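User: I have a structure open and want to go through its charges, its buried sites and its second chain. Please reason briefly and finish each reply on the value or name I ask for.

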Amino acid sequence: MRNERKASSLEVISYYTGYIIMCIALIMLLPLMVSVFFKEWEPALDFIISICIAFISGLLLMMFGRQRRIAKGNFQWKHGFTIAALSWILLMFICAIPYRLSGHNSSMLDSMFDVMSGFTTTGLVLSQDLDHMSYGLNMWRHLLTFIGGQGMVVLALTFLTRETGGAYKMYVGEGKDIELTPNVRGTAVQIWKISMVYLVIGTGALWVNGILIGLKPVSAFFHGLFIFESSWSTGGFSSMSQNIMYYHSITYESVAMIIFIIGSFNFGLHYALWQGNKKEMVKNIETQSFFVTSFTACVLVLAGLMKYGVYSDAVAGFRRVVFNVLSAHTTTGFGSVYARQFANEWGDFGIMIMVVVMLIGGSACSTAGGFKGLRVGVVFKGIIMEVKKLLSSEHSMKVYKFHHIKDYILEDSIIKSSAIIILCYVVLFGAGTLLGAYYGYPLSHSAFEAASITGNVGLSIGVTAPSMPTLMKVYYIIAMYLARLEFLSVFAMVGYLGGGIRKACQKLLKSA
Amino acid sequence: MDLNKNEIKGILEEIAMVSFFVAIIYLASTVIMM
């Protein structure tokens, strides 16, 4: 007779966290295959070891929570949030194993930093000697950022053979809330469909471009694939230490730019355009916000740098300024100037504009980070609404709206929740800036790096390095994680774990 | 992966609109740098 007892919260969380880890173990087969293809035997062995560890960990967690399979209807919001937040932490450890075994990182902490940077599509690296990294490990780095952009939960949901009661709660827990189809699994499949179609188009365009600039066909393919994965997920990783500058090509940079701008858009917007609703691009509050802020930032930085005569012609201005500003605004983090050039040539004015655009970031429910254009647009419209209310007659009742895929009434609760999340980001950014200043970095440098971390951008002014203080590395990992999951899931997980520990302590005290 | 006519049109329009935006910024940067 089957055991019909209700599964405990721990079993539910354990089962689905194990499921997500098992999915990642399967994904590790891809870099393993690349390593075998290029006869890189040592990296191949690293991946075999990592796959075994991931598989066993996932299996143990699923076995512990196997009761979940027969228990129905007890999946709560706290489970969804905790699974999303916890799986990211466990995966950070597991996915760091190939990095650490490769010898490109000097410590496990550095490896975990790089993994979190990849997952959160930040793009800052502590790995050394990138130019001599194996194809297999490069494939792994870029896959992590590509999967992180779409979301690990989204990935797991795509593979689920049937709809589960808790699917939507896990999906929201990962910082996504758009519903493209009536069921959440259909939405996850649509997100992957959009990404895979652009993967083919973008990799193809970069591959042809790579061949035209003199790369060998196989090398051009992998460079194209890696740059696409980084661009689309607004990650900013590159297989070369010179980042996008390695290619010395305006067309290569332009193709990457178009991909990362599209990648920073909301999946709901892609879906609406694909359904033939082309007006959405112009009407949507997020794209309106993005076009206005990015255009203004480009013009301001260009004007500021022209004053100092940093760049002499329009092409240099476009390639060095516009590229970097858009890379920062979309939270991609490809850099077409060296870190020191930001510090020495851009001046405080240029750096502060970059800080602002990095914090604003891309669209909600996209691969991008930052406050998100939606929240900036909502708060901006909220301010206008309040001013209009003040100026209008006391008896007039006007309903204010904003458009984001569909029309929404601009309610106080929406403005309030947007403002709270923005405030959380500002606090995270402020603490990061203070920490950098405490360790002796100039204030503008600390602010630049903190904005890059908080917005999951990846541009660096030179602060992020293997030699930076351990506490800063730990803070940066936490900040990237919090910002990517948009605080709520992590707070829920901490609250849930805290509550569990308190109950356990109370039980112990009673029994003693 | 099946793509219908509408979806292909949507992809091309999305790429065209973003390219147009990049071109406008390029033009603006040219004007500023003159």
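**Salt bridges, buried sites and chain B**

Analyst: Across all chains, the structure holds 6 salt bridges. This is a predicted model.

User: Which residue of chain A forms a salt bridge with B:Glu7?

Analyst: The pair crosses between chains, starting from helix α1 (residues 5–33) of chain B and ending in helix α10 (residues 184–212) of chain A. Both partners are buried. The closest N and O atoms are 3.2 Å apart. The partner of B:Glu7 is A:Lys193.

User: How many residues apart in sequence are the parts that A:Arg319 and A:Glu253 tie together?

Analyst: The two side chains meet in a salt bridge, 3.0 Å from N to O. A:Arg319 sits in helix α16 (residues 314–329) of chain A and A:Glu253 in helix α12 (residues 250–263) of chain A, so the pair ties together parts whose separation in sequence is 66 residues.

User: Are A:Arg319 and A:Glu253 buried or exposed?

Analyst: Buried requires under 20% relative accessible area. A:Arg319 and A:Glu253 both fall in that class: buried.

User: Where do A:Glu486 and A:Lys372 lie?

Analyst: Their side chains meet in a salt bridge, 2.8 Å from N to O. The pair ties together parts that are 114 residues apart in sequence, because A:Glu486 lies in the loop between α22 (470–484) and α23 of chain A, and A:Lys372 in the loop between α18 and α19 of chain A.

User: Which residue is linked with A:Lys372 and A:Glu486 in a network of salt bridges?

Analyst: A:Glu486 and A:Lys372 are both buried. Their network of salt bridges also includes A:Arg375.

User: Which helix gives the largest share of the positive patch?

Analyst: The positive surface patch is formed by A:Lys78, A:Arg502, A:Lys503 and A:Lys507. The largest share is 3 residues. They come from chain A, residues 488–511, helix α23.

User: Why does A:Lys503 count as exposed?

Analyst: A:Lys503 lies in helix α23 of chain A. Exposed means over 50% relative accessible area. A:Lys503 passes that cut-off because its relative accessible area is 60%.

User: Is A:Cys365 buried or exposed?

Analyst: A:Cys365 is placed in the loop between α18 (347–360) and α19 (373–391) of chain A. The cut-off for buried is under 20%. With a relative accessible area of 4%, A:Cys365 is therefore buried.

User: What separates the C-alpha atoms of A:Cys365 and A:Tyr476?

Analyst: Along the chain, A:Cys365 and A:Tyr476 are 111 residues apart. In space, their C-alpha atoms are separated by 23 Å.

User: Which residues does A:His445 touch, not counting residues up to four places away in sequence?

Analyst: A:His445 is found in helix α21 (residues 443–454) of chain A. It counts as buried because its relative accessibility is 13%. Leaving out residues up to four places away in sequence, A:His445 touches A:Arg340, A:Ala343, A:Ile461 and A:Val463.

User: What box do the C-alpha atoms of chain B fill?

Analyst: Chain B has 1 helix and 0 strands. Taken along the principal axes, the box is roughly 50 × 15 × 5 Å.

User: What share of the area that chain B exposes is supplied by carbon and sulfur atoms?

Analyst: Chain B has 34 residues, and 38% of them count as buried. The chain exposes about 2,100 Å². Carbon and sulfur atoms supply 71%.

How values were computed: Residues numbered from 1 in each chain as written. Chains lettered and ligands numbered in written order. Predicted model: local features only at pLDDT ≥ 70, side-chain atom pairs only at ≥ 80, totals over all residues. Heavy atoms only, no water. Patch = residues over 30% accessible without salt bridge, like charges linked within 9 Å, V, L, I, M, F, W, Y side chains within 5 Å. Areas by Shrake-Rupley, 256 points an atom, 1.4 Å probe, with all protein chains shown as cover. Salt bridge = Lys/Arg side-chain N within 4 Å of Asp/Glu carboxyl O. Lys, Arg positive; Asp, Glu negative; His and termini not counted. Charge placed at Lys NZ, Arg CZ, Asp CG, Glu CD. Helix = DSSP H or I, 4+ residues; strand = E, 2+ residues; numbered from the N terminus. Buried < 20%, exposed > 50% of the residue type's maximum accessible area, 1.4 Å probe, protein only. Contact = heavy atoms within 4.5 Å.
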